[in-house]
Amino acid sequence: MPVDQDAYQQLKKYCDTNGVQLIAVSKTKPNEDIDLLYSLGQRAFGENYVQELSKKFEELPKDIQWHFIGHLQSNKIKYIAPFVALIHGVDSLKLLQAIDKEGKKINRIIPCLLQVHIAKEESKFGFDTDELRIAATQIFVEKKFSHVSVNGLMGMASFIDDQQKLQAEFQKLKSLYEEIRSTYKPDAETFNILSMGMSSDYKIAVACGSNMIRIGSTLFGARNYNM
Ligand SMILES: *Cc1c(COP(=O)(O)O)cnc(C)c1O
């Protein structure tokens, strides 16, 4: 399935109008598809798999900002740590600690988001509310981590059509984001990303305060995992 250029232009316009950053999720998609969006001006791309991301980083233009949006295993941090623009899915203090350690090793402060568990229907990765508060204390009050920069929160809603339930999940994440800003006082210029919304639910997410959306199938077509 080819890249939908019209969908891209529309989405770009929507994002510019709403002050939202668009991450084009290119997992499982070939370099030609990424090149095409690149030629239209897109620079931020999202990937879920370390090996695939490393290969694309080697092969594609160096000014692409690569966002890692998948579940990251500690033993694979080292492969993306030198270049990754933002790790969205930090879902435990243990993982944050491991990223911090890698950052020290290569002398780089690695930008991260904390992933919060908001979906009611499925079990997904992420901090629950209590864990998030504990993490925020360690990160922003005790300042335990010198080589990660925690720039905001990320969440995935349930895979459902019920608009009200989706809205409730996104609102929960937005209110946790506000709570962290007001209670733990991170640098407001740095802690300013709320990554929520995908192809099926981004409009609700943006209405609930998202300022970064991760869009795959609307741009690249349905994914085929058996390539
Ligand atoms: C695959 C993926 C997306 C994009 O999903 P689409 O429904 O294709 O837009 C967004 N966020 C995460 C975390 C993903 O894994």
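The legends below describe several close-up views of one predicted model.

**View 1. Strand 8 and its pairing with strand 1.** Strand 8, which covers residues 212-215, sends its side chains to two opposite sides: Met212 and Arg214 point one way, while Ile213 and Ile215 point the other way. Whichever way they point, all of these residues are buried. Strand 8 also has a partner, since strand 1, made of residues 21-25, pairs with strand 8 in the parallel sense over four bridges. Within this pairing, Leu22 has Ile213 of strand 8 as its bridge partner, and Ile213 is itself one of the buried residues just described.

**View 2. The ligand and the residues around it.** The ligand has 13 residues around it, and those that come nearest are Lys27, Asn48, Ser199, Gly216 and Ser217. For Lys27, the contact involves the side chain, where an N or O atom is 2.7 Å from an oxygen atom of the ligand. For Gly216, it is a polar backbone atom that is 2.8 Å from an oxygen atom of the ligand, and for Ser217 a polar backbone atom is likewise 2.8 Å from an oxygen atom of the ligand. Taken alone, the ligand exposes 390 Å², and the protein buries 92% of that area. The space that the ligand takes is the largest pocket.

**View 3. Ser92, in a loop after strand 4.** Ser92 is placed in the loop between strand 4, residues 86-90, and helix 5, residues 93-106. Ser92 counts as partly exposed because its relative accessibility is 25%, a value that lies between the limit of 20% for buried residues and that of 50% for exposed ones. In sequence, Ser92 and Phe125 are 33 residues apart, and in space the distance between them is 9.0 Å, taken from C-alpha to C-alpha.

**View 4. Asn107, in the loop after helix 5.** Asn107 is found in the loop that runs between helix 5 and strand 5, the latter being residues 110-116. Although Asn107 is not a glycine, it has a positive phi of about 55°. Asn107 is called exposed because its relative accessible area is 66%, and the term applies to values over 50%.

**View 5. Lys143, in the loop after helix 6.** Lys143 lies in the loop between helix 6, residues 129-141, and strand 6, residues 148-155. Lys143 is not a glycine, and yet it has a positive phi, here of about 50°. With a relative accessibility of 62%, Lys143 counts as exposed.

Terms used. Residues numbered from 1 in each chain as written. Predicted model: local features only at pLDDT ≥ 70, side-chain atom pairs only at ≥ 80, totals over all residues. Heavy atoms only, no water. Buried < 20%, exposed > 50% of the residue type's maximum accessible area, 1.4 Å probe, protein only. Pairing = 2+ DSSP bridges. Near = heavy atom within 4 Å. Polar contact = N/O pair within 3.5 Å; in protein donor to acceptor, adjacent residues only side chain to side chain. Areas by Shrake-Rupley, 256 points an atom, 1.4 Å probe, with all protein chains shown as cover. 1 Å grid on protein atoms, 1.4 Å probe; cavity = no way out; pocket = protein on both sides within 12 Å on 5 of 7 lines; lining within 4 Å. Sits in = over half its atoms within 2 Å of the grid points.
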